[in-house]
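Hi everyone, thanks for making time. I'd like to walk you through a structure that most of you haven't seen yet, so have a look at it first and then we'll go through it piece by piece.

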Amino acid sequence: MSGDTPMRSHAATLPAPEFPHPAFVTPVPLAQAKVAIVTSAALHRANDEAFTEGDTGYRLVPREARDLVLGHWSPNFDRAGFTADLNVVFPIDRLEELAEQGVIGSVAERHISFAGNQPDDLATIIHDSGPAAAAELKADGVDIVLLTPV
Amino acid sequence: MLAHLFEAAGIATVALASMLPVAALVAAPRTLHGEFPLGRPLGKPNDPEFQHDVIARAFALLDAPSGPVLESHPVVLEDTSEAVSCQLPPAFDGDASPAVLEAKGIRNAYDRINERRGVTSVGRCMDADGVPEAIEKLETIAAGMPFKEAGLPGRTTAVCHDIRTYYEEAAVELSTGPIGTGRAIESWFFDETETGKVVLAARKAMADAGAPFPFWFYMAPGHR
């Protein structure tokens with residue numbers, strides 16, 4: 001049996017926080033947009049603070065950083081793909097290529113990484129670290145975020 | 001969930017999602033679902049063309065006048081879990097266990113890939129130098145030693161993370177073909193290496209001895 005199958009079944013039983021009045025932002029045209037990646041793979045630079053289990057904080061990932069550690073605590077997903085090519089989780093080189101081609105306006109100087117396995121405490125992310133991370137990107141002039149959940 | 005928070009701050013978002021029911025429940029403003037191996041939201045490593053296709057389909061959702069929008073990528077990437085082809089170097093040291101010899105045998109491959117990548121994800125509680133001794137301690141747990149008395153360098157989950165990551169990073173270097181679908185290298189580690197068997201044996205011994213569930217369960221993927 002595939003290891004992903006039980007994980008998919010399990011995840012389908014988990015509740016999700018409700019957002020009764022979700023925002024829907026109409027972005028500037030893609031060719032003018034500054035784009036950032038937000039991942040939940042718990043990526044961090046080797047010399048940055050590692051993620052603890054259940055860590056509700058985030059780490060900033062500079063545009064040029066490629067020395068990224070996969071700090072996610074779950075043993076239940078493939079990591080070898082990331083080892084072979086970080087773009088399969090964090091497609092920073094693809095964004096750089098799209099900026100060179102003029103498909104997107106520019107690549108953000110800073111990107112965001114959260115830890116995806118959150119067993120207990122979503123409230124802190126919803127009310128504190130999530131808005132704080134968004135404010136950092138907003139201050140950087142980011143128009144569009146590409147989310148890569150892990 | 002993060003999509004809602006960033007939209008609330010005035011930033012448009014598009015999410016790549018690997019689990020369709022979860023994506024439907026979360027109802028982010030724009031989601032491209034890809035039935036890809038978990039841990040690979042862009043689908044295929046070392047395939048820029050495929051990754052660009054995923055991103056292009058995701059960005060196309062930004063044209064939708066309202067949301068939530070949820071579409072699926074047409075390609076399904078099966079997670080077959082067939083072990084990757086990865087020959088292990090022979091080891092010759094009669095005093096050490098097969099698992100410890102094996103771990104020492106792949107050290108050069110581990111060093112090569114990390115020289116090339118410039119980074120390793122080993123380091124949650126030890127570096128690569130600590131791997132052989134940590135394996136020896138897991139062997140004592142598998143033989144009946146209470147895990148708290150085994151002298152592990154960190155939590156059982158952290159120790160197993162570092163050992164497995166040491167092996168998997170070396171395996172990316174050693175594999176003779178493509179690294180395969182999701183879990184191919186995981187399958188290699190747990191099904192074909194001596195150390196993978198030690199990890200599972202230690203985990204089972206802890207479970208049988210009544211160790212707290214999170215201490216043993218997360219030493220390996222749940223389905224094992």
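Before anything else, one term I'll lean on: two strands pair if DSSP finds at least two bridges between them. Also, please keep in mind that this is a predicted model.

Okay, chain A. Its secondary structure consists of four helices and seven strands. If you start at the N terminus and read along, you get α-β-β-β-β-α-α-β-β-α-β. The radius of gyration is 16 Å, close to the 15 Å from the globule rule for 150 residues, so chain A is as compact as a globular protein of that length. Its C-alpha trace spans about 45 × 40 × 30 Å along the principal axes. And of those 150 residues, 46% count as buried. If you take the contacts in chain A with a separation of 6 or more, 78% of them come from residues 24 or more positions apart.

Now let's zoom in on a strand I like, S1 of chain A, residues 34-39. Is S1(A) mostly covered or mostly open? Mostly covered: five of its six residues are buried.

So who does S1(A) pair with? Let me go through the partners. With strand S5 of chain A, residues 106-107, the pairing is parallel and has two bridges. There, A:Val35 sits opposite A:Val107. With S7(A), the pairing is again in the parallel sense, over five bridges. In that pairing A:Ile37 stands opposite A:Leu146. And then there's strand S6 of chain A, residues 110-114, parallel to S1(A) over two bridges. Here A:Thr39 has A:Ser113 as its bridge partner. A quick reminder while you look at these strands: in a regular strand, side chains alternate between the two faces of the sheet.

For contrast, let's go to a loop. A:Glu64 is in the loop between strand S3 (58-62) and S4 of chain A. Why does A:Glu64 count as exposed? Because it has 10 C-beta neighbours inside 10 Å, and the cut-off for exposed is 12 or fewer. You can also find A:Asp93 from there: it is 29 residues away from A:Glu64 along the chain, and their C-alpha atoms are separated by 9.5 Å.

On to chain B. This one has ten helices and three strands, and the order along the sequence is α-β-α-β-α-β-α-α-α-α-α-α-α. The C-alpha trace of chain B spans about 70 × 40 × 30 Å along its principal axes. Of its 224 residues, 53% are counted as buried.

Chain B is divided into domain 1, residues 2-72, and domain 2, residues 98-217. How far apart are the C-alpha centres of domain 1 and domain 2 of chain B? They lie 33 Å apart. The contact between them takes five residues from domain 1 of chain B and four residues from domain 2 of chain B. On the domain 1 side, that's three nonpolar, one polar and one charged.

Let me show you one helix in chain B, H6, residues 131-142. H6(B) has twelve residues and reaches 16 Å from its first C-alpha to its last, close to the 16 Å expected at 1.5 Å a residue. Its buried residues include B:Ile135, B:Leu138 and B:Ile141. Here's the general rule to have in mind: an α-helix has 3.6 residues a turn, so residues three or four places apart point the same way. The cover over the buried residues of H6(B) includes helix H4 (98-105), helix H7 (156-174) and helix H9 (194-208) of chain B. Just after H6(B), you'll spot B:Gly144 with a positive phi of about 120°.

Last part: how the chains meet. 61 residues of chain A are in contact with 63 residues of chain B. Several elements of chain A supply at least two residues each to its side of the contact, among them helix H1 (4-11) and helix H2 (80-84). Which element gives the most? That's H4(A), with seven residues. By class, the chain A side divides into 41 nonpolar, ten polar and ten charged residues.

And there's strand pairing across the chains too: S7(A) and strand S1 of chain B, residues 12-17, pair in the parallel sense over four bridges. If you want to find that spot, look for A:Val145, whose bridge partner in S1(B) is B:Thr13. Recall that S7(A) also pairs with S1(A), so to speak our old friend from earlier.

Notes
Residues numbered from 1 in each chain as written. Chains lettered and ligands numbered in written order. Predicted model: local features only at pLDDT ≥ 70, side-chain atom pairs only at ≥ 80, totals over all residues. Buried ≥ 20, exposed ≤ 12 C-beta atoms within 10 Å, placed from the backbone. Rg over C-alpha atoms; globule rule 2.2 N^0.38 Å. Contact = placed C-beta atoms within 7 Å. Nonpolar A, V, L, I, M, F, W, Y, C, P; charged D, E, K, R; others polar. Domains from an automatic or database assignment. Expected span 1.5 Å × (residues − 1).
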